Amino acid sequence: MSRHPKRRGRRPSWPLYAGVLLVLAGLVAGGLLLTGTIGGAEDSRARTPYPAGRVPPVALPAAPAGVGDVLAVRSWGRAAGQLAIVVGNESTEPIASARVRVTARDATGAVLLATSGTDADVCCTVVGLPPGAEFGLFVPLDAGVGEIGAVDVETLSAEAGASAADASVRVGDADLRRDDDDTVVAVRLKARGRLSGYVAVQALLVDGEGELAQVISGRFYCFRPGAARTVRLHLFYAVPPGLRLDRVLAYPIPDGVRPHVPGRCR
């Protein structure tokens, strides 16, 4: 009696494809956490995600001719490896979006740092700012940056926005919480008017003398007119114990402006 050779079945290929997809998803998610902020309807968190020096700022060439400076530095400070800046809209028009370069100089005027951040992050981008209002910016500082004597903010590009009366975000109760490896500000927000669904939020921390020390920045989505939500802004590192929450700034992000968050509302 003849014997047939044992047939070897072909191994299914779906485990290999599934593994590749999982690796790709992990890489994408990791990139978002390192370069942007995340916040949504169920997961109402946002991040100023990298400690000082972990992600080096990117220097840009000189600003293009003809771009006027509509933003002015109102205050700045340095603490826990971060340069914090508050700018004000000096124009009579709302700013839909503005990309800026932050320059820090020492007492002699020498440049210590000049950056506009990366294209993906929110450190140096202003959105939805009404005339006369203020916006918080931040730059992570490497340990090698010396004593800063002056800070300048230069407008690289700016777009005018819709009327500030079209939409607004009311800031309610806010609370500063500390962990060993995190600093969190939980704040109640209520939006009204014509919204894109996205809002920009910054928590400003000051030292014992009331001087600006840290900015925690976030972007959140799925806001609806009249709906109140509590959002949480995460710094992901501890700040000195003497710092306290001074105030929270929140603005609707206009339609057509890149919100720098990966989520969408339907």
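Arg177 and Asp175 bring their side chains together in a salt bridge, with N and O 3.0 Å apart. That's a handy way into this model, which is predicted. A search of the whole structure turns up 7 salt bridges. Below we look at some of them, then at a small sheet and a pocket.

**Salt bridges**

- Some background first: side chains of opposite charge can pair when their charged atoms come close.
- Back to our opening pair: Arg177 has a relative accessibility of 39%, so it counts as partly exposed, since that label covers what lies between buried (under 20%) and exposed (over 50%).
- Its partner Asp175 is partly exposed too, with a relative accessible area of 35%.
- Next up is Glu134, which forms a salt bridge with Arg247; their closest N and O atoms are 2.4 Å apart.
- This pair ties together distant parts of the chain: Glu134 sits in strand 7 and Arg247 in strand 14 (residues 244-252), 113 residues apart.
- Arg247 also meets Asp246 in a salt bridge, at 2.6 Å from N to O.
- How exposed are these two? Arg247 is partly exposed, with a relative accessible area of 33%, and Asp246 is partly exposed at 35%.
- Zoom out and you get a network: salt bridges link Arg74, Glu90, Glu134, Asp246 and Arg247.

**A sheet of 3 strands**

- Here's the general idea: strands of a sheet pair through backbone hydrogen bonds, either parallel or antiparallel.
- In this model, 3 strands make an open sheet in the order 2-3-7, with antiparallel pairing.
- Strand 2 (71-79) and strand 7 (134-140) stand at the edges; each has a single partner strand, so one side of each has no neighbour in the sheet.
- Going from one strand to the next, the twist averages 20 degrees.
- Strand 2 and strand 3 (residues 82-89) run antiparallel and are joined by 8 bridges.
- To spot this pairing on the structure, look for Ala72, which stands opposite Gly88 in strand 3.

**The second largest pocket**

- Rolling a probe the size of a water molecule over the atoms shows where empty space is left.
- The second largest pocket has a volume of about 190 Å³.
- Which residues line the second largest pocket? They are Ser97, Arg99, Thr118, Asp119, Asp121, Thr125, Val127, Glu159, Gly256, Val257, Arg258 and His260.
- Strand 4 (95-105) and strand 6 (125-129) each give at least two residues to this lining.
- Sorted by type, the lining has 2 nonpolar, 5 polar and 5 charged residues.

How values were computed: Residues are numbered from 1 along each chain as its sequence is written. This is a predicted model: local features need pLDDT of at least 70, side-chain atom pairs count only at pLDDT 80 or more; totals for chains, interfaces and linings use all residues. Side-chain values use heavy atoms; hydrogens and water are left out. On a 1 Å grid over the protein atoms alone, a cavity is a set of points where a 1.4 Å probe fits but cannot get out, and a pocket is an open set with protein on both sides within 12 Å along at least five of seven lines; lining residues have an atom within 4 Å of a point. Grid points are joined across faces, edges and corners, and a volume is the space filled by probe spheres set on the points. Helices (H or I, at least four residues) and strands (E, at least two) are DSSP runs, numbered from the N terminus. Ala, Val, Leu, Ile, Met, Phe, Trp, Tyr, Cys and Pro count as nonpolar, Asp, Glu, Lys and Arg as charged, and the others, Gly among them, as polar. Two strands pair if DSSP finds at least two bridges between them. Axes are lines fitted to C-alpha atoms, for helices over the stretch in contact, and angles run from 0 to 180 degrees between N-to-C directions. A salt bridge is a side-chain nitrogen of Lys or Arg within 4 Å of a carboxyl oxygen of Asp or Glu. Buried means under 20% relative accessible area, exposed over 50%, partly exposed in between (1.4 Å probe, protein chains only).
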